[in-house]
Each structure stands twice: as C-alpha cells, then as structure tokens.
Amino acid sequence: MGHYRDHPDAIRALVREREVHRDLFIDPEIHQLEMERLFARTWVYVGHDSQVPNPGDFITTTVGDQPVVMVRHSDKTVRVLHNRCPHKGVQVAGEACGNTGKFFRCPYHAWTFKTDGSPLGVPLRKGYEHAGLDQCEASKGMAAVQDVHNHRGFVFCRLMPGGESFADFFGDSLSTLDNMVDRSPEGRLEVAGGVLRYTHACNWKMLVDNQTDTCHPMVAHESSAGTAVKVWEAAPEGTPKPMAVELFAPFVAPYEFFENMRIRVWKNGHGHTGVSDSLHAAYTPVPGYHESMVAAYGEERARAILADVRHNTIYFPNIMVKGPIQTLRVFKPIAADCTLVESWTFRLVGAPDKLLERTLMYNRLINAPTSVVGHDDQEMYERSQQGLHSRGREWVNVARLYEPGEEGRENEVTNGTNEWQMRNQYRAWARYMTETGDAA
Ligand SMILES: [Fe+2]
C-alpha cells in the first residue's frame, strides 16, 4: 500500500499555487503513478516520421515506461505497437532501428506479425488446431496503440483510450512545431546528425522546468558561456566572430533581456519562452536562405515565418522544441532519480546546408555529453536531487511573478522571468495524475 495510489487528495496536496512538494521529484511511488497515469493519459512524443521513411522501417523507443516500436506500415501510415510478443512476452524488435520487411518475426519461436501488429503466422500450427488458441490473448497479435497522431512528421501517441483529442490537448501550442516545419522552403523536416543521448541522475521534471527557467543562465552558465565570450573579446579587432561564440553569447545576456523576451502559456501544461525576442534571434543570416524562403512562400509570409524566433517550447509532459535552431529534446523518465535525455536535430529540407551545420554545432556545444553548457545545468539538477532529500525544507518554489487567479488565463503573454509556465505544468500534472476512469 502506498501513500498516494488510492489517495488523489494526497496527490493534489503536493501541488500548491506557489510551491510543489519534494515528493514529486524523489518518491518512487509518485514516479510509478506518473508512468501509469500521466504518461498514459497525455499525448506523448514517439518519434519523427523521417526516421521510418519506407514500409517496414522501424525504431524502438519508450513511452513512459512502455517499450514500443514505431513502424511504417504497408499502407504508408506510421503505427505504434507495444513491443511485446503475445506468445511469451519477448520484445519482438530488438534493435534501435532497422527495416523488418513485410512483417515482424519474434526471435524466440518465429511467430510473425504484420506491421500493424495483426497476427500472421505461427510455426507448427497443427499443434494449436484443437488448443483453442483463438480464445487466447496470444491470437490477437502485437497490441497496437489506437491513438496515434502524425502532425507534419511529428508522431505522438496516447496509450490510454479516452480524454482530449490530439488537437484539443495541444491547441495553439502546435504553432511552434508548424513554425519549425515552415522554416523549410519545402515544408518538410528530416532527422539529421544522429542523436545525443545521455542520462542525468535527477528527476525528469527538473529538466522540463529548466527549459523556461530564465533566471539561471547568467548565473549557472557564467563559467562556460561567459568564459567563451571573454576569450572572444580578447581577440584582435577585425577577427570574424566564430559561429560558436554567436551561439554561446546569449546564454550570458542580462536579466533584462530575458524579462523582455516574454513568456506565453497554453492550456494543458504547454508554453514557451521567447515571444518577442529570443536567444536565437540574432544569428548571422545564411546566404541564399532568405531568397529560397521568399521563392517558396512570398516575401510577406517568409518574413513572418522567420520573424517568429521562439526560444524554448514545452510540449507537456516531456519534450522541448526550438523552432529557430531545429532541435527537439526528449526527457525520458527512467526512475524518480534518473532521466534519459535525447537531443535530436533536423534538416530543413531545401535550405542551405549551413543551417544544419549551425544546428549541429548548437546541439554539440549545448546538449552533448561533452558539452560545457549542458553540464552546468546537469550539476544543478543533480545537486537538487541530492538536496531534496534534506528534511530541513519540504517544498520547491515556483512563485516568481505569481498572480492569484492566473489559472484559466492561458494564452497570455507576460514577463519572461515569470514562473507561470512551471506552475502551468504542475497544475496539468496534478490533473492528469488524479483523473479517474480511462475515458472522459
Ligand atoms: Fe541552463
């Protein structure tokens, strides 16, 4: 018996208007309930459809704690299947990615399944002729996730039937993904440059909070980004500014910069920083890019797309998207104190290669296991994870610029150092953790 499983009021009491309880970060039962409830009731990112361009192409991944396989079916649509043989339970797809041809074949007893999960063949079928296999669960094949949505290449799924539709769950927040796709003159993205993947010894929500925490860069990143800027300032006059310095410098911009870039929250826990300015606003133009955008969209529309320089967009519960630099980070919960972080990069199809070069350099400088900036944050998360075990205090504060009655006033734009988006996430968290039943 846990403290929380049968006590929704106890879960609700963990999220106050201005503070959240440390159990959200350190309690294994809360983590388990997040897997069963939050990551089952929300639309969770699975992958990008450019990872599976041809029928039979697949990737394996997890949705919460559930192993799944995302596969391109013979009808060209992308399907998400539970990666579990109905026979003995073996994970049917064993590799990170590949092409399975027309069917999946379990490596244990060679049971086969079509790429929509439906059963295809069983060796020595005779032995099942009078065994009533059709009355067994095993006859149904690999379980397919019913609620799958492909939004312009980005594939999401919801494990538990019922609840809001994809469009209702994300609402206006889809404008960030749309802007990132529109930045391609062909309106198409491709995963490019591999993925940077490493674990952090902290709770996944610390990483989500950090994405709209605009009061930390000038402090936590002073030793890394700040040093890069100082080295650059000592360079002889006339030295061309390296791309790396251009990427590092905004991390040590003053508080006023972050206040003025503004923040916007949307319902259901989504939101973004960088409404009117952003860390990605002042990059050197890439020759030929603007022209190709104008040719594709016309002058006015091209300008509007490129002027939307959103910084970090949170798609609740666990991804962050940067449209202007074409990166997507996934914060995969492993345990209450362990998170797998994946940082993906995209090519803007039809745009000059220099843009992809900048995207890849950004990802390596900021998000790689060998980066300097990302490790500043990692040190803070891991010290928080340790510190929250202290019994000296119980609550984590998210009060900055709080106003009574802000709940329900979503879509507003406010001071960029407001912690409203964090509060927005925790309100959504409490709701999905305590909803009852599996259908709305
Ligand atoms: Fe940071």
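Tutor: Let's start with strand pairing: two strands count as paired if DSSP finds at least two bridges between them. Keep in mind that this is a predicted model.

Student: OK, so how many bridges join β10 to β11 here?

Tutor: Five, and the two strands run antiparallel, with β10 covering residues 147-151 and β11 covering residues 154-158. To see the register, look at V148, which stands opposite C157 in β11. In a regular strand, side chains alternate between the two faces of the sheet.

Student: What do β10 and β11 form, and which turn residue has a positive phi?

Tutor: They make a hairpin with two residues between the strands, and R152 in the turn has a positive phi of about 50°.

Student: Now the metal. Which protein atoms are the donors of the iron ion?

Tutor: H216 and H221 each donate through NE2, while D377 appears twice, through OD atoms; the donors lie 2.0 to 2.6 Å from the iron ion. Along the sequence, the spacing of these residues reads H-x4-H-x155-D. H221 sits in the loop between α7 (217-220) and α8 (222-233), whereas D377 is in helix α14 (residues 373-387), so this pair ties together parts that are 156 residues apart in sequence.

Student: Are H221 and D377 buried or exposed?

Tutor: Both are buried.

Student: And why is the arrangement of donors around the iron ion called irregular?

Tutor: As a yardstick, the ideal angle for four tetrahedral donors is 109.5 degrees. To count as tetrahedral, all angles must lie between 85 and 135 degrees. Here the four donor atoms subtend angles of 54 to 144°, which makes the arrangement irregular.

Student: Let's move to packing. Which residues touch the most other members of the largest nonpolar core?

Tutor: F154, F156, L328 and W429, out of 72 residues in that core. Helix α15 (residues 420-434) gives the most to this core, with seven residues. The core also draws at least three residues from each of domain 1 (46-151) and domain 2 (188-434).

Student: What is W429 in contact with, leaving aside its neighbours within four places in sequence?

Tutor: Its contacts include I11, L14, V15, L24 and I30, along with K205 and F316. Apart from this core lies another one of 17 residues, among them A228, L247, M261 and L279.

Student: One last residue: where is A93 found?

Tutor: A93 is in the loop between β5 (78-82) and β6 (97-99). Buried means under 20% relative accessible area, so at 5% relative accessibility A93 counts as buried. Not counting residues up to four places away in sequence, A93 touches F58, T60, V69, N83 and F104.

Definitions and conventions:
Residues are numbered from 1 along each chain as its sequence is written. This is a predicted model: local features need pLDDT of at least 70, side-chain atom pairs count only at pLDDT 80 or more; totals for chains, interfaces and linings use all residues. Side-chain values use heavy atoms; hydrogens and water are left out. Helices (H or I, at least four residues) and strands (E, at least two) are DSSP runs, numbered from the N terminus. Donors are N, O and S atoms within 2.8 Å of the metal (3.2 Å for Na, K and Ca); water is not among the atoms, so sites may look incomplete. Four donors count as tetrahedral if all angles lie between 85 and 135 degrees; four count as square planar and six as octahedral if opposite donors are over 155 degrees apart and all others between 65 and 115; anything else is irregular. Buried means under 20% relative accessible area, exposed over 50%, partly exposed in between (1.4 Å probe, protein chains only). A nonpolar core is a set of buried Ala, Val, Leu, Ile, Met, Phe, Trp, Tyr and Cys residues joined through side-chain atoms within 4.5 Å. Domain bounds come from an automatic or database domain assignment. Contact means heavy atoms within 4.5 Å.
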